[in-house]
Amino acid sequence: MNQRKFDKLQAHYLKYFGTEEEPKILHSLVDEPGTLHIDMICLRPTASRPYQVLATIGASDYPMKPKPHSLTNRNEYVTFLPADWDLSKPECRWIVSLLAMVAHYPHDARTMISYSHTMDCSAQMEDLQSDTFNMCGAGLLFPQVCEDPNILRCKTGLFETVTILQMMPLTRAEMDDIIKRRKQGHPDWTDMFYPERGSDSRFLCACKR
């Protein structure tokens, strides 16, 4: 991603999730021909935002095959983490890996993903499973914690607009519930994760559920 687009996306995240500290950039560890270069930005909690923000910067460099009625064919992804999570610790790194899987998914699967799409990552996360950890995939939502709908769109070029979607980690039970809903003719599962006003217990990451 060129510096101009990088700066536009970073400014967009700072506008809606402003931070009192310098954002931390997690650079892609793989940078070889034919691979996707997708970095991440981590915004520490603030007095008015008691959670961390982890977001991709670079996924939108790789346009997806558009489908009818899609928002755009370029996405970036954001997820929200508890304030006390330290991403340098091994027990927290899974969320970085999961966000990277989501960002790579449409290109690995040669498809397009958008709002309410789910991805089963059971195979990739099998080694992590335990009595206290049962995440198996992710789903895409509109960013819940920001009431301004403009968070959804970031104009990065004259004819280029990026959609910002929230990644929600999903447990096996949640994934099974979503599959059941779809079989019953109810494809929109996102109401499972929209908290009542004044509550922040459901939009945060796995350990809060």
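This report walks through a predicted model of one protein, from its overall build to a few single residues.

**Overall build**

The protein has four helices and eight strands. Read from the N terminus, the order of elements is α-β-β-β-β-α-β-α-β-β-β-α. The protein has 209 residues, and 47% of them are buried. Its accessible surface is about 11100 Å². Carbon and sulfur atoms hold 50% of that surface. Contacts often span long stretches of chain. Take the contacts between residues at least 6 apart in sequence: 63% of them join residues at least 24 apart.

**Strand S6 and its partners**

Strand S6 covers residues 135-141. This strand is mostly covered, with seven of its seven residues buried. S6 pairs with strand S5, residues 118-120, through three bridges. These two strands run antiparallel. Within this pairing, Met119 has Ala138 of S6 as its bridge partner. S6 also pairs with strand S8, residues 160-171. Six bridges join S6 and S8, and this pair is antiparallel too. Here Gly137 is bridged to Leu170, which lies in S8.

**The cavity**

The structure holds one cavity of 30 Å³ or more. The volume of the largest cavity is about 30 Å³. Its lining consists of Ala59, Tyr62, Met64, Asn75, Tyr77, Ala103, Pro106 and His107. Two elements give two or more residues to this lining: strand S4 (75-82) and helix H2 (93-108). H2 gives the most, with three residues. By type, the lining has six nonpolar residues, two polar ones and no charged ones.

**Three residues up close**

The table sets out burial for three residues.

| Residue | Place | Relative accessible area | Class |
|---|---|---|---|
| His12 | helix H1 (residues 3-16) | 9% | buried |
| Cys154 | strand S7 (residues 153-157) | 4% | buried |
| Gly18 | loop between H1 and strand S1 (24-26) | 34% | partly exposed |

Start with His12. Why is His12 classed as buried? Its relative accessible area is 9%, so His12 falls under the 20% cut-off. Leaving aside residues up to four places away in sequence, His12 touches Asn150, Ile151, Arg153, Cys154 and Ile164. One of these, Cys154, sits in strand S7.

Cys154 follows the same reasoning. Its relative accessibility is 4%, which is under 20%, so Cys154 counts as buried. Which residues does Cys154 touch, not counting those up to four places away in sequence? They are Lys8, Leu9, His12, Glu160, Thr161 and Val162. Cys154 and Tyr13 are 141 residues apart along the chain. Their C-alpha atoms are separated by 9.3 Å.

Gly18 gives another case. Is Gly18 buried or partly exposed? Its relative accessible area is 34%, between the 20% and 50% limits, so Gly18 is partly exposed. Gly18 lies in the loop between H1 and S1. It touches Tyr13, Thr46 and Arg49, again not counting residues up to four places away in sequence. Gly18 and Arg49 are 31 residues apart along the chain, with their C-alpha atoms separated by 8.7 Å.

Key:
Residues numbered from 1 in each chain as written. Predicted model: local features only at pLDDT ≥ 70, side-chain atom pairs only at ≥ 80, totals over all residues. Heavy atoms only, no water. Buried < 20%, exposed > 50% of the residue type's maximum accessible area, 1.4 Å probe, protein only. Pairing = 2+ DSSP bridges. 1 Å grid on protein atoms, 1.4 Å probe; cavity = no way out; pocket = protein on both sides within 12 Å on 5 of 7 lines; lining within 4 Å. Points joined across faces, edges and corners; volume = space filled by probe spheres on them. Nonpolar A, V, L, I, M, F, W, Y, C, P; charged D, E, K, R; others polar. Contact = heavy atoms within 4.5 Å. Areas by Shrake-Rupley, 256 points an atom, 1.4 Å probe, with all protein chains shown as cover.
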